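I opened this entry to keep track of what I looked up in the model. The notes follow the order in which I went through it.

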Amino acid sequence: MATRADALVVSSLPGGDVKPFTPEEAREIVMSLQKPAVFCNMAFDWPALHWNAIYLAKLLAGKRMRFRIGMKDTGTAPLFETECSYVKATLEEFLAWSGKQPSRSCGPFSGYELCKYWTYADYKYIARLFEDKPENFQDIRWSDFGFPERNGRESTLWIGSARANTPCHLDSYGCNLVLQVQGRKRWHLYPPEDSSFLYPTRIPYEESSVFSRVNVVNPDLKSCPQFKKTKAHVVTLEPGQVLFVPRHWWHYVESIDPITVSINSWIELDADHEARVEEAITRTLICAIKSAETTSASDSWLNPTEVEVTSHETNLQYVNGAVSAYLEHQKTSKIEDMDPRTEEVNQYPCKRKKVQGRSKPEGFQLMSCESSLTVIQGKKLEKIPFGHNLFQVLPQFWETDSIGSAENDSKGSPNENDEHFGKLHCAGKTSKVIGDSGALVDQKDPGCSTISPQAVICTNDLLDCVLNPQVIRLMAQLLIERASV
């Protein structure tokens with residue numbers, strides 16, 4: 001008689017039509033896990049695995065999108081989005097620039113040498129990209145993870161060249177599921193308890209993103225000495241794999257191969273209600289203080305993802321709306337005798353992302369979380385079933401050959417000429433932790449400068465203290481207490 005274990009083995013083989021976890025099991029794993037993990041063989045039949053850059057270029061038929069451009073060699077300071085260049089281009093021009101498709105011109109990329117620069121079409125809402133082709137939403141099937149009403153409409157597309165990256169940050173809202181489609185990406189993840197070692201900042205300001213002042217792959221330990229205390233969890237995500245990023249885990253993501261394509265979706269959590277109060281407070285304070293400051297043109301404190309500096313009246317309406325929604329949620333919540341583990345998961349706020357162009361607070365409302373917060377019926381998993389189809393992302397200084405955990409990779413960086421498309425690469429295979437990817441560099445750089453006794457405290461120094469996540473969390477709790485009286 002075939003057992004569940006037999007089914008797991010069969011489903012891990014290429015071409016197998018049985019998935020290792022049912023939607024109910026996958027959802028419970030996602031809602032229970034508090035550490036990052038990688039799912040294998042859960043998306044092998046998704047049409048979205050055909051979404052490589054060439055396919056998307058044909059599908060989007062010349063549609064222009066904004067690309068962020070950065071230099072490959074930037075020193076020890078993090079490269080924030082405010083310091084990048086931006087161009088609008090088609091995927092055909094991107095492919096021509098990357099040398100993967102012949103073309104007479106690479107358009108706006110012509111001024112950037114491929115050997116010196118990387119480019120990233122990041123954070124592209126699929127609902128907007130394919131607004132005239134809604135049938136493509138069904139190519140993305142988050143229903144396999146227990147979210148039946150979630151598909152491409154609630155997902156985001158990322159297309160980058162080698163070395164394209166996002167600065168290390170944490171997301172204030174939700175947890176994250178990421179499908180790798182083409183190429184490989186390396187993820188550096190840090191647990192929430194490492195926050196103080198990562199020197200959090202809200203400058204540049206972007207709703208729901210707390211940035212780190214550390215370049216985690218090339219840190220300046222004289223300016224950021226506490227970074228040595230962090231516990232980096234590093235994993236290389238390959239096509240066909242789905243990475244789970246728990247709430248409030250810091251992450252730095254970098255493309256390895258010449259072209260990478262990935263798709264993600266942020267899953268709303270119950271704690272988002274309190275998180276939106278915290279984010280509304282943060283917006284109110286930073287807009288008020290920075291707007292009152294006489295700044296130079298070089299002080300780009302607003303991230304390019306933010307549409308505008310909202311007024312104080314508008315921001316106060318956001319605060320009131322968030323507090324009211326939180327209190328209403330508390331009244332209507334029927335969750336009783338919360339499991340201690342679940343309580344720990346929900347005690348902090350939750351991504352993503354602000355509604356673009358939210359300049360009319362009278363229309364303020366929270367994203368509906370009903371479908372994401374449904375309690376799973378049936379037998380609970382007694383323990384997380386780690387194995388070939390689900391493996392942990394372990395700290396990089398760990399090394400083990402056991403199934404269901406990551407291994408130390410001493411081979412160094414892969415060849416950028418290797419192409420990896422949306423094929424299944426997981427069967428009987430575990431993750432590789434890059435042991436040398438977090439090498440510490442003891443150099444001086446002004447990016448994380450600490451204040452000397454003779455230094456003058458500037459507005460940004462003050463904001464780093466006032467907007468510290470711990471301070472904002474306390475302010476939100478006090479504000480909620482005041483409003484609930």
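**Overall count.** I began with the secondary structure and found ten helices and 17 strands in the protein chain. I am working from a predicted model, so I keep that in mind throughout. The protein chain has 485 residues, and 53% of them count as buried. For its accessible surface I noted about 22200 Å², with 52% of that belonging to carbon and sulfur atoms.

**Strands β2 to β5.** I then followed β2, residues 65-71, and asked which strands pair with it. One is β3 (residues 85-89), joined to β2 by five bridges and running antiparallel to it. Within that pairing I located R68, whose bridge partner in β3 is Y86. The other is β4 (residues 117-125), which pairs with β2 over four bridges, again in the antiparallel sense. Here I picked out G70, and its bridge partner in β4 is W118.

Is β2 enclosed or open? Five of its seven residues are buried, so I wrote it down as largely enclosed by the rest of the structure.

I went on from β4 to β5 (residues 156-161) and found an antiparallel pairing over four bridges. In that pairing K124 stands opposite L157 of β5. I checked burial for β4 as well: seven of its nine residues are buried, so this strand too is largely enclosed by the rest of the structure.

**Y123.** While in β4 I looked at the backbone of Y123, which is found in that strand. Its phi is positive, about 55°, although Y123 is not a glycine. I also looked up the relative accessibility of Y123, which is 12%. The cut-off for buried is under 20%, so Y123 counts as buried.

**The six-strand sheet.** Next I traced an open sheet of six strands and wrote its order as β9-β10-β6-β13-β8-β11, with antiparallel pairing. Which strands stand at the edges? They are β9 (200-206) and β11 (233-237); each has a single partner strand, so one side of each is left without a neighbour in the sheet. I noted the twist as well, which averages 35° from one strand to the next.

Inside this sheet I examined the pairing of β8 (residues 185-190) with β13 (residues 250-255), where six bridges join the antiparallel strands. I marked Y190, which stands opposite W250 in β13.

**Two backbone details.** In β9 I stopped at P204, which lies in that strand. The peptide bond joining I203 and P204 is cis, with omega about 5°.

Then I turned to H248, in the loop between β12 (242-245) and β13. Its phi is near 65°, a positive value in a residue other than glycine. Is H248 buried or exposed? With a relative accessible area of 10%, H248 is buried.

**Nonpolar cores.** I asked which residues of the largest nonpolar core touch the most other members. That core has 54 residues, and the ones in question are F39, W51 and F145. I listed the contacts of F39, leaving out residues up to four places away in sequence. Among them are F21, A26, I29 and V30, then F145, and further along the chain V242, F244, N389 and L390. G240 and Q241 also touch F39. I found a second, separate core of 18 residues, which includes Y318, Y326, L467 and A476.

**Helix α9.** Last I looked at α9 (residues 459-466) and asked which of its residues are buried. They are T459, L463 and D464. Seen down the axis of α9, these buried residues fall within an arc of 140°, so I recorded them as lining one face of the helix. A note beside this: an α-helix has 3.6 residues a turn, so residues three or four places apart point the same way. For the cover over the buried residues of α9, I wrote down β9 and α6 (272-292), which are included in it. The strand β9 had already come up as one of the edge strands of the six-strand sheet.

Conventions. Residues are numbered from 1 along each chain as its sequence is written. This is a predicted model: local features need pLDDT of at least 70, side-chain atom pairs count only at pLDDT 80 or more; totals for chains, interfaces and linings use all residues. Side-chain values use heavy atoms; hydrogens and water are left out. Buried means under 20% relative accessible area, exposed over 50%, partly exposed in between (1.4 Å probe, protein chains only). Two strands pair if DSSP finds at least two bridges between them. Accessible areas come from the Shrake-Rupley method with a 1.4 Å probe; for residues, only the protein chains shown count as cover. Axes are lines fitted to C-alpha atoms, for helices over the stretch in contact, and angles run from 0 to 180 degrees between N-to-C directions. A nonpolar core is a set of buried Ala, Val, Leu, Ile, Met, Phe, Trp, Tyr and Cys residues joined through side-chain atoms within 4.5 Å. Contact means heavy atoms within 4.5 Å. The arc is that of the directions from the helix axis to the C-beta atoms.
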